[in-house]
Amino acid sequence: MSTYDRKLSAKMQKLESIEARLAQHGRTPRYSVIWLTALASVILAMLTYNLVRL
């Protein structure tokens with residue numbers, strides 16, 4: 001009798017693919033936050049420049 005279990009192997013492959021997709025989706029919010037922070041910094045700098053100029 002073999003110790004290799006095909007069902008267990010298939011479940012592990014499915015789990016690994018789910019984990020890979022979750023890891024990919026985890027990067028998206030981080031990039032969004034970085035982009036929004038940069039945009040907010042530019043807007044804040046423009047507002048500050050306009051207020052100081054007055």
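Here are my notes on this predicted model, point by point.

1. Overall fold. What does the secondary structure consist of? The protein has one helix and zero strands. That helix, H1, covers residues 6–53, so most of these notes come back to H1 in one way or another.

2. Overall shape. The radius of gyration is 24 Å, whereas a compact globule of 54 residues would come out near 10 Å. Put the C-alpha atoms in a box along the principal axes and you get roughly 85 × 10 × 5 Å.

3. The helix itself. H1 has 48 residues, and from its first C-alpha to its last it reaches 72 Å. At 1.5 Å a residue you'd expect 70 Å, so the span is close to that value.

4. Start of the helix. Which contact sits at the start of H1? There, a side-chain oxygen of Asp-5 comes to within 3.3 Å of the backbone nitrogen of Lys-7.

5. Distances along the chain. A few C-alpha pairs give a feel for the spacing. Ala-40 and Asp-5, 35 residues apart in sequence, are 53 Å apart in space. For Thr-48 and Ala-20, a sequence separation of 28 residues goes with 43 Å. Ser-41 and Leu-22 are 19 residues apart along the chain, and their C-alpha atoms are separated by 30 Å.

6. Burial. How much of the protein counts as buried? Of its 54 residues, 0% do. The accessible surface comes to about 5,500 Å², and carbon and sulfur atoms account for 67% of that.

7. The nonpolar patch. On the surface, Trp-35, Leu-36, Leu-39, Ile-43 and Leu-47 form a nonpolar patch, with about 520 Å² of accessible area together. As background, an α-helix has 3.6 residues a turn, so residues three or four places apart point the same way. That's handy to keep in mind when you look at the numbering of the patch.

8. Leu-39, from that patch. Is Leu-39 buried or exposed? Somewhere in between: this residue of H1 counts as partly exposed because its relative accessibility is 37%, and the buried class needs under 20% while the exposed class needs over 50%.

9. Ala-40 and Ser-41. These two also have their place in H1. Ala-40 is partly exposed, with a relative accessible area of 43%. Ser-41 is partly exposed as well, at 41%.

10. Thr-48. Further along, Thr-48 lies in H1 too. Its relative accessibility is 41%, so Thr-48 goes into the partly exposed class.

Note on methods. Residues are numbered from 1 along each chain as its sequence is written. This is a predicted model: local features need pLDDT of at least 70, side-chain atom pairs count only at pLDDT 80 or more; totals for chains, interfaces and linings use all residues. Side-chain values use heavy atoms; hydrogens and water are left out. Helices (H or I, at least four residues) and strands (E, at least two) are DSSP runs, numbered from the N terminus. The radius of gyration is taken over C-alpha atoms; the globule rule is 2.2 Å times the number of residues to the power 0.38. Buried means under 20% relative accessible area, exposed over 50%, partly exposed in between (1.4 Å probe, protein chains only). Accessible areas come from the Shrake-Rupley method with a 1.4 Å probe; for residues, only the protein chains shown count as cover. Patches are made of residues with over 30% relative accessible area and no salt bridge: like charges are joined within 9 Å, nonpolar side chains (Val, Leu, Ile, Met, Phe, Trp, Tyr) within 5 Å. A salt bridge is a side-chain nitrogen of Lys or Arg within 4 Å of a carboxyl oxygen of Asp or Glu. A polar contact is a pair of N or O atoms within 3.5 Å; within protein, one must be able to donate a hydrogen and the other to accept it, and residues adjacent in sequence count only if both atoms are side-chain atoms.
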